[in-house]
Amino acid sequence: VRTFYAVPLGRMTLTPELDVQHYSYDNAIVLGAPVSLHDQTRDVITAGAILRYPLTDQRSLVLVTEAIDNDYEFTSAGQPTATSHNGRVLAGLDDAARGPWHYRLLLGAEVRSFAASQYATRVAPVFEGSVVWTPNGQTTATLSLIRTIEDPADNGAQGYVRNKAGLVLDREVRRNLLLQGSVGYQSAEPIQNGTNQTNLLFGTSLTRLVNRWARVVLSYSFNAQRGGNVVVSAGDGAPSAVRGGN
């Protein structure tokens, strides 16, 4: 469930938002053995706000603040809870005053702390940058760069810093027929175990706008993952599982 609203404050605009997610897990089969995932059930509540101050009609200063509470409802006996609290602040410039070019760059910092003392608090510099090129009314190309601590909605407490670059091309083939292609690369640097992981991403989609209320989408996505293997326990009486590799 997500809600947000733009509030005018003189020249400035404040847009608060609230996002509430609930994740519920049943059992899984890992290497032929049943494994309970009940302890991964959690609620993720995000509260944030975007403050925009226009310098001109097409150039603005932007401040983004966000707080995320990741609350695990159940914890296995003898195991620390993965419940965490996350805060993020970014500030920068949004510039659309250069004809077909639109630039956006936000710099800031992110911190994630855990309810269990076994997990260290994480602090990292973060940024969000994008360049959008719109040569005409039918074509848009978007190049984006992102650095962030892993999404708090992700399961677990292993933790990594993610760097991602992506290029998306949108083309309006006809008024009601939209074509999109994308390619991306991301790297994850785990904080605790010293391994690494990279992903090469590719995707394409075709959207047919039927009317104001309905659309039909055909899409394909590809993800090639490479990295060092991480051996983790699958639970008492179950074999170990390998994840994070190729």
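Buried means under 20% relative accessible area, exposed means over 50%, and partly exposed lies in between (1.4 Å probe, protein chains only). This is a predicted model: local features need pLDDT of at least 70, side-chain atom pairs count only at pLDDT 80 or more, and totals for chains, interfaces and linings use all residues. Residues are numbered from 1 along each chain as its sequence is written, and side-chain values use heavy atoms, with hydrogens and water left out.

**Exercise 1. Place S205: find its strand, decide whether it is buried or exposed, and list its contacts.**

Step 1. Start with the strand. S205 sits in β14, which covers residues 197–209; strands are DSSP runs of E with at least two residues, helices are runs of H or I with at least four, and both are numbered from the N terminus.

Step 2. Now the accessibility. S205 has a value of 14%, so it counts as buried.

Step 3. Last, the contacts, meaning heavy atoms within 4.5 Å. Leaving out residues up to four places away in sequence, S205 touches L178, L179, Q180, V217, L218 and S219.

**Exercise 2. Describe the chain as a whole: its helices and strands, and its buried share.**

Step 1. Count the elements: there are 17 strands and 0 helices.

Step 2. Check the burial: of the 246 residues in the chain, 26% are buried.

Step 3. Look at the reach of the contacts. Take those between residues at least 6 apart in sequence: 46% of them join residues at least 24 apart.

Step 4. Add the surface. The chain exposes about 15,100 Å², and carbon and sulfur atoms supply 57% of that; accessible areas use the Shrake-Rupley method with a 1.4 Å probe, and for residues only the protein chains shown count as cover.

**Exercise 3. Find the largest nonpolar core and follow one member, L90, to E128.**

Step 1. Know what to look for: a nonpolar core is a set of buried Ala, Val, Leu, Ile, Met, Phe, Trp, Tyr and Cys residues joined through side-chain atoms within 4.5 Å. The largest one here has 5 residues, namely V62, V64, L90, L106 and V126.

Step 2. Follow L90. Beyond its neighbours within four places in sequence, its contacts include V62, V64, L106, V126 and E128.

Step 3. Move on to E128, which is found in strand β10 (residues 122–133). Its relative accessibility is 33%, so E128 is partly exposed.

Step 4. Compare sequence and space. E128 and R147 are 19 residues apart in sequence, with their C-alpha atoms 6.7 Å apart.

**Exercise 4. Work out which residues share salt bridges with D94.**

Step 1. Set the rule: a salt bridge is a side-chain nitrogen of Lys or Arg within 4 Å of a carboxyl oxygen of Asp or Glu. The whole structure has 7 of them.

Step 2. Take R52 and D94, whose side chains meet at 3.9 Å, N to O. R52 lies in strand β6 (residues 42–54) and D94 in strand β8 (residues 84–98), so this pair links distant parts of the chain, 42 residues apart. R52 is partly exposed at 30%, whereas D94 is buried at 8%.

Step 3. Take R104 and D94, which form a salt bridge at 3.1 Å, N to O. R104 belongs to strand β9 (residues 101–114) and D94 to β8, so the pair ties together parts 10 residues apart in sequence.

Step 4. Put the pairs together: R52, D94 and R104 join into one network through shared partners.

**Exercise 5. Find the nonpolar surface patch and say which elements give it two or more residues.**

Step 1. Apply the patch rule: members have over 30% relative accessible area and no salt bridge, with like charges joined within 9 Å and nonpolar side chains (Val, Leu, Ile, Met, Phe, Trp, Tyr) within 5 Å.

Step 2. List the members: L143, L167, V183, Y185, L200, F202, Y220 and F222, with about 770 Å² of accessible area together.

Step 3. Name the elements: β13 (177–190), β14 and β15 (215–227) each give two or more residues.

Step 4. Check one member. V183 is in strand β13 and counts as partly exposed at 41%.
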